[in-house]
Structure formats: C-alpha cells, structure tokens
Amino acid sequence: MKIGISSSCLYPMYTEESFRLIAQNGVELSEIFFNANCELQPPFIKELCEIKAEYGIALSSIHPTMSLAESFMLFSNYDRRFCEGLDMFKRYGEIAAELGAKYVIMHGGKPNGTMDNHGYFDRFACVADAVNQNGATLLQENVVNFRAGSLEALSDMSDYLGDSVSFCLDVKQSLRGGYSPYEVLTILRDKIKHLHLSDSNEKYDCMLPLEGNFDFKLFLDTAKQCGYTGDAVIEVYRNAFDKPHELFDSHKKLLNKII
C-alpha cells in the first residue's frame, strides 16, 4: 500500500503549485483536488502531466471542483442541469484517464425532498457510467451532512447498487458523522477502494497523522483483513498545520510507523 498526500491539504495554494510541492518532497502518491473550472482545460492538464512525469509521482484519484454544487447539478429534478452535470463528470473521467488516476471522488447530494435514497442511488449509477466511459471508477465519499454521510445510507447504497458501487472512506468524516471508521470497513468491506487519512483526539477530529490518538497500523491492518487492496492519502484541512514541512514530516513519520 502506498500512502500519499492530497493536494487539498495545501488549499488555497494553486492546484498545480501544491501538486508540484508534494512531488518535490519525494511523496510517491497524490490526489488532485480541482478548485476551478479553468483547471479542466487541456493546457492545465498537460501541466499536471508534466509535473507527474518530471517527479515520477503517481495519482490515485481526482476530486471535482463542483462538490458543493453536486446536489443542484445532479440530484435535483431539472433534467437539463443533470445532463450538464453528466457532461462535467464525463470530462473528469477523461482527465482521470489522462493523469493515470483510477478514481473520481464524489461528495454527492444532500438530503432533500426531490428524491428518496433509491432515486439518489439511481442517479449516482448514471454518473458512474459517465465516468467509466474512460475507464475511471466513481467513488462515493462518506461526507457528513450529505446523503451518504451516515452508516445507514452507506449500507443502503451498497445493498441497492450491489457490485456496481464503490466508496472512498474518509476517517475524519466518519468521526464527524458520529460513527467509527471501523464500522464502515465492516459494512462496506472490499467495496472501499480509497482511503482519506487523518488523526484525531478527544478535542479535534482533523489532525496530522501521529499528532493524535488514532492507531493507523491497526486501522490499515483491519482494512486489509476486510479485503482492502488500494492506497491511501493524507487529507487534512489547512488549519491542521502551520508550515508545509509539518505535513511532509508527518507523512514520513507515518510511512516509518506502518512499513
């Protein structure tokens, strides 16, 4: 298993600058979190490909910039917006293929009166098909206050869509949702394809690895026992550290502890 760093950790540093800084610090794996529609244009993707080639860094996944708009674009009852949203996710599938990333990660929609859970799951399947046209897999992330932010919704989604759905498990999001990430591992098992790692203690739920009480070795060993075969990235918010070197030091310490 490779452990990388998401470019989102360095937000609001420009996406290409954060990716380059991660690569320059010898990190073998990253996730690109896009932050503007202009970053979907071919010249920008070419720049990311050049950084990737220059430093030999791999990409596990990409994260769309439209996360906050996914409810409005994809999970409302206005078909034209849904079609436009599908086109956007087709583009993300193309970008994933260009960058060699396996996964496109979705926050998804928030609970609303427009559709029930099963209607949401049907829409997700349509978006997943659009992403898969270029070989990438759409992952539903367990983001708190979103449709898939609870154990019940995750379990229902897994049962309803069967083998056609896959997930990204974010440790801090499970804590914010009031459930253990170990419970998610037990319920979703090998349908989990990607992990977002962070640490925590009694006071804070989003800390750099090894600054809190979370047992990363036990968690990753448990994930493997549940059938997990993927990689993971550190994903924390920018207020979790003062200087970028703290992020990279934490990454190195985590690698030394679990390998």
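This report walks through the pocket, the ring contacts, one enclosed strand and a few backbone details of a predicted model.

## The largest pocket

Let us start with empty space. The largest pocket holds about 360 Å³. Its lining is made up of 14 residues, and those closest to the centre are Ser8, Phe33, His107, Glu235 and Tyr237. Sorted by class, the lining is a mixture: five residues are nonpolar, five are polar and four are charged.

## Aromatic pairs

There are nine aromatic pairs in the model. One of them is formed by phenylalanine 75 and tyrosine 120, whose rings are stacked, with 4.2 Å between the centres and 25° between the planes. Phenylalanine 75 belongs to the loop between helix H3 (70–74) and helix H4 (79–99), while tyrosine 120 belongs to helix H5 (residues 117–132), so this contact ties together parts that are 45 residues apart in sequence. Both partners are hidden from solvent by the numbers: phenylalanine 75 is buried at 1% relative accessibility, and tyrosine 120 is buried at 0%.

Tyrosine 182 and phenylalanine 214 make another pair, this one tilted, with centres 6.5 Å apart and planes at 40°. Here the rings come from helix H8 (residues 181–188), which holds tyrosine 182, and from the loop between strand S7 (192–197) and helix H9 (216–225), which holds phenylalanine 214; the pair therefore ties together parts 32 residues apart in sequence. Tyrosine 182 is partly exposed, with a relative accessibility of 25%, whereas phenylalanine 214 is buried at 14%, because the cut-off for buried is under 20%.

## A cluster, and charges over rings

The stacked pair is also part of a wider group: Phe75, Tyr120, Phe121 and Tyr160 form one aromatic cluster.

Rings in this model also meet charged side chains. The charged end of lysine 110 is placed over the ring of phenylalanine 146, at 5.0 Å from the ring centre. Arginine 123 lies over the face of phenylalanine 82, and the distance to that ring centre is 4.3 Å.

## Strand S2, covered on both faces

How many residues of strand S2 (residues 29–33) are buried? Five of the five are, so the strand is largely enclosed by the rest of the structure. In a regular strand, side chains alternate between the two faces of the sheet. In S2, one side carries Leu29, Glu31 and Phe33 and the other carries Ser30 and Ile32, and all of these are buried. Phe33 is also among the residues closest to the centre of the largest pocket.

Strand S1 (residues 3–6) runs parallel to S2, and two bridges join them. If you would like to find the pairing in the viewer, look for isoleucine 5, which stands opposite serine 30 in S2.

## Backbone details

Which two residues does a cis peptide bond join? They are tyrosine 11 and proline 12, with omega at about 15°. Proline 12 sits in the loop between S1 and helix H1 (15–24).

Two residues other than glycine have a positive phi. For arginine 189 the value is near 50°. Arginine 189 is located in the loop between H8 and S7, and is partly exposed at 38% relative accessible area. For leucine 210 phi is about 75°. Leucine 210 is placed in the loop between S7 and H9, and with a relative accessible area of 32% it is partly exposed.

Conventions
Residues numbered from 1 in each chain as written. Predicted model: local features only at pLDDT ≥ 70, side-chain atom pairs only at ≥ 80, totals over all residues. Heavy atoms only, no water. 1 Å grid on protein atoms, 1.4 Å probe; cavity = no way out; pocket = protein on both sides within 12 Å on 5 of 7 lines; lining within 4 Å. Points joined across faces, edges and corners; volume = space filled by probe spheres on them. Nonpolar A, V, L, I, M, F, W, Y, C, P; charged D, E, K, R; others polar. Phe/Tyr/Trp six-rings, centres within 6.5 Å; stacked < 30°, edge-to-face > 60°. Helix = DSSP H or I, 4+ residues; strand = E, 2+ residues; numbered from the N terminus. Buried < 20%, exposed > 50% of the residue type's maximum accessible area, 1.4 Å probe, protein only. Lys NZ or Arg CZ within 6 Å of the ring centre and 35° of its normal. Pairing = 2+ DSSP bridges.
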